[in-house]
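Got your viewer open? Let's take a walk through this one, picking a few selections at a time.

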Amino acid sequence: MTRSPESVTNRIKARLALTSLLTAVIVGCDSPESAPCEIADADGQAVANTNVGVWPAALSWREIWRAGGLNEAEALRRPAGVAVGPHGSVAIADWGLAEVIVVGPDGEWQGPVMSRAEGPREVRAPAAVTWVGANTLLVLDLGAFRMVTLDLASQSASVTPVDQAFLSPVYMSGQVRFVALQPDRTVWLEYPGPIEDGWEERSFVRWSPEQPVVDTLMWSRARGFAGATLAAWPRALLGVGSETWVVSNPDGRYELEVFDRDGTSLVRFCHVGEPVPLSPAERGEDPDEEASDAWRDALRELGEPRTPAVISRLVVDLDGRIWVQRDRPLPGTFDGHGAPGARYDVFLQSGRFLGSIRLPDGQQLLEARGPRVWTLHTGSLGESSIVVLEIEGI
C-alpha cells in the first residue's frame with residue numbers, strides 16, 4: 001500500500017496540531033529508552049531491523065586515489081557539493097574558489113570547467129552539482145539565483161532561473177545548512193526560522209521549474225546557539241538521492257521513512273541503537289581553547305537533552321542505500337559533510353540493515369556506490385582532498 005503526496009500533506013497537518021514537531025509522516029517505535037524496534041500503525045511496508053546485518057563485523061578500507069591536498073596544481077578551497085558520474089568522474093562545486101572542477105574516474109585532475117564570472121558558462125557561488133547523464137552537469141549557482149546545465153563535450157550551457165523568493169531565506173542568512181540538487185532540477189533547501197528561548201524553527205523545502213511553488217516537506221525545532229545547531233538535541237533530518245528521499249523521526253527514535261520523488265511512501269523502518277553519550281564538549285565542560293567561554297557558558301545554561309540524538313546526518317547514495325551517521329559533530333562546528341571519522345549504519349532502500357562502518361580519521365562521507373566511497377579529507381594545514389576508498393570485506 002502506498003500513500004499519495006496529498007495524504008502525506010494531510011497527515012503532516014494533523015500531527016502539527018498534536019505535537020508541534022512536524023515530520024513527513026513518521027510514527028512508530030517505543031520511547032528512545034526502550035530497546036525494541038517496532039513500527040506502530042503500519043499502513044504500508046514496514047521493516048523492523050533487529051539483527052546484526054549482513055556485513056561482517058571486520059571491515060577495512062583501501063585507498064584508491066586522492067586529489068587536491070597540498071598539490072598547488074589541484075587547488076580546492078571549500079568543496080560544497082560533490083557528485084559522482086556514471087563512469088566515476090567527480091564534479092566538485094567549490095564554494096571558496098567559485099569554480100566547478102572535474103576529476104576523472106582514476107583521479108586525473110581535469111581542472112575547472114566553470115569559473116567565477118557572469119556569463120552562461122560561469123558561476124558566482126556554486127552550492128550544489130549533479131550529473132545528468134555521463135557528460136552533462138547541472139549546477140546550482142546560489143549567487144546568481146539560477147541553475148546552469150553544462151554539456152562537457154560541446155561546452156555549451158543553458159540557464160534556468162530559480163525563484164529568488166525561494167533562495168532568499170538561505171542567501172540572506174549567510175549559511176547553507178542543507179542543499180541538494182536532483183537531476184530533474186529539483187532543489188532542496190533547509191530554511192532558517194524564528195528563534196525563541198534557544199529553539200529555532202527549521203523547515204525543509206523544495207522547488208523545481210516544473211512545479212514553481214515552494215513545497216514545505218517538514219519542519220521541526222532545533223536547539224541552537226549563535227546561529228549553529230546543537231546536534232545533541234533530536235530533530236528532523238533529511239537525506240536526498242537522485243530518485244528517493246528519506247526523513248527521520250524528530251524526537252529521538254531510530255525510525256526513518258523513504259519516499260519516491262513524487263512523495264509516495266515506499267517503506268518505514270527502524271533499528272535498535274543507543275545514542276552516543278554526551279561528550280564533555282557537548283556538556284560545556286571541554287577546556288579546549290578553540291571553544292570560547294561564551295559557548296561553554298551557553299551549553300551549560302541550555303542544559304542537556306532528555307535523550308541525546310541517536311543520529312545526526314542522512315545520506316542517500318548512488319545505489320539508493322541510506323547511510324545513517326551515528327556520531328555527532330562538536331558544538332559550534334558547521335559542515336554539511338558531517339562529522340569526520342564518523343560511524344555510519346547502512347541500509348538498503350528497502351529498509352533492510354546491511355551493517356555499520358566507521359570512516360577513517362579526518363574523512364567525511366560525500367558519496368558511495370557499491371564498495372566504493374568518496375570522502376572529503378581535511379589535513380592538518382586545512383588543505384582539502386577528495387579521496388576514493390573501497391570497503392574490503394563485503
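Before the first stop, one term: two strands count as paired if DSSP finds at least two bridges between them. With that in hand, select Gly68 and Ser385, which stand opposite each other, Ser385 being in strand E27. Keep in mind throughout that this is a predicted model.

**Stop 1: the sheet around E2**

Widen your selection to strand E2 (60–68) and strand E27 (residues 384–392). They run antiparallel and are joined by 8 bridges. Now bring in the rest of the sheet: it is open, has 4 strands in the order E2-E27-E26-E25, and its pairing is antiparallel. E2 and strand E25 (363–369) are at the edges and have a single partner strand each, so one side of each has no neighbour in the sheet. Turn the view a little and look at the strand directions: ignoring direction, neighbours in this sheet are turned against each other by 25 degrees on average.

**Stop 2: a sheet of five**

Next, select E1, E20, E19, E18 and E17. In that order they make up an open sheet of 5 strands, this one with mixed pairing. Its edge strands are E1 (46–49) and E17 (238–240), each of which pairs on one side only. From one strand to the next, the twist averages 15 degrees.

Zoom in on strand E19 (residues 255–260) and strand E20 (residues 265–271), an antiparallel pair with 5 bridges. Which residue in E20 is the bridge partner of Glu257? Select Arg268 and you have found that partner.

**Stop 3: a hairpin with a positive phi**

Move to strand E9 (residues 146–151) and strand E10 (residues 157–161), which run antiparallel and share 5 bridges. One bridge to pick out links Arg146 with Pro161 in E10. The two strands form a hairpin, with 5 residues between them.

Now click on Gln155, in the loop between E9 and E10. Most residues other than glycine have a negative phi. Gln155 has a positive one, near 65 degrees, and is not a glycine. Is Gln155 buried, partly exposed or exposed? With a relative accessible area of 30%, Gln155 is partly exposed, because that label covers values between the 20% and 50% cut-offs.

For a second case, select Arg185, in the loop between strand E11 (179–181) and strand E12 (187–191). Its phi is positive too, at about 75 degrees, although Arg185 is not a glycine. Arg185 is partly exposed, with a relative accessible area of 25%.

**Stop 4: a buried leucine**

Select Leu140 in strand E8 (residues 136–141). Leu140 has a relative accessible area of 0%, so it is buried. Add Val162 to the selection and draw a distance between the two C-alpha atoms: the separation is 8.9 Å, with the residues 22 apart along the chain.

**Stop 5: a strand covered on both faces**

Go on to strand E22 (residues 322–325). Ile322 and Val324 on one side are buried, and so are Trp323 and Gln325 on the other, which leaves both faces covered.

E22 has partners to look at as well. Strand E21 (residues 313–316) pairs with E22 in the antiparallel sense over 4 bridges, and Val316 has Ile322 as its bridge partner. E21 and E22 form a hairpin with 5 residues between them, and Gly320 in the turn has a positive phi of about 85 degrees. Strand E23 (residues 343–347) is also antiparallel to E22, again over 4 bridges. In that pairing, look for Trp323 with Val346 in E23.

**Stop 6: the two sides of a helix**

Show helix H3 (residues 293–302) and colour its buried residues: Trp295, Arg296, Ala298, Leu299 and Leu302. Why do these residues end up on the same side of H3? They cover an arc of only 165 degrees around the axis, which puts them there together. On the other side of H3, select Asp293 and Glu301, which are exposed.

**Last stop: an empty space**

Finally, turn on a cavity display if your viewer has one. There are 3 cavities of 30 Å³ or more, and the second largest holds about 50 Å³ of space. To find that cavity, select its lining: Pro234, Arg235, Leu237, Ser248, Asn249, Pro250, Gly252, Ala309, Val310 and Ile311. By type, the lining has 6 nonpolar residues, 3 polar and 1 charged.

Note on methods
Residues numbered from 1 in each chain as written. Predicted model: local features only at pLDDT ≥ 70, side-chain atom pairs only at ≥ 80, totals over all residues. Heavy atoms only, no water. Axes fitted to C-alpha atoms, helices over the stretch in contact; angles between N-to-C directions. 1 Å grid on protein atoms, 1.4 Å probe; cavity = no way out; pocket = protein on both sides within 12 Å on 5 of 7 lines; lining within 4 Å. Points joined across faces, edges and corners; volume = space filled by probe spheres on them. Nonpolar A, V, L, I, M, F, W, Y, C, P; charged D, E, K, R; others polar. Buried < 20%, exposed > 50% of the residue type's maximum accessible area, 1.4 Å probe, protein only. Arc of directions from axis to C-beta.
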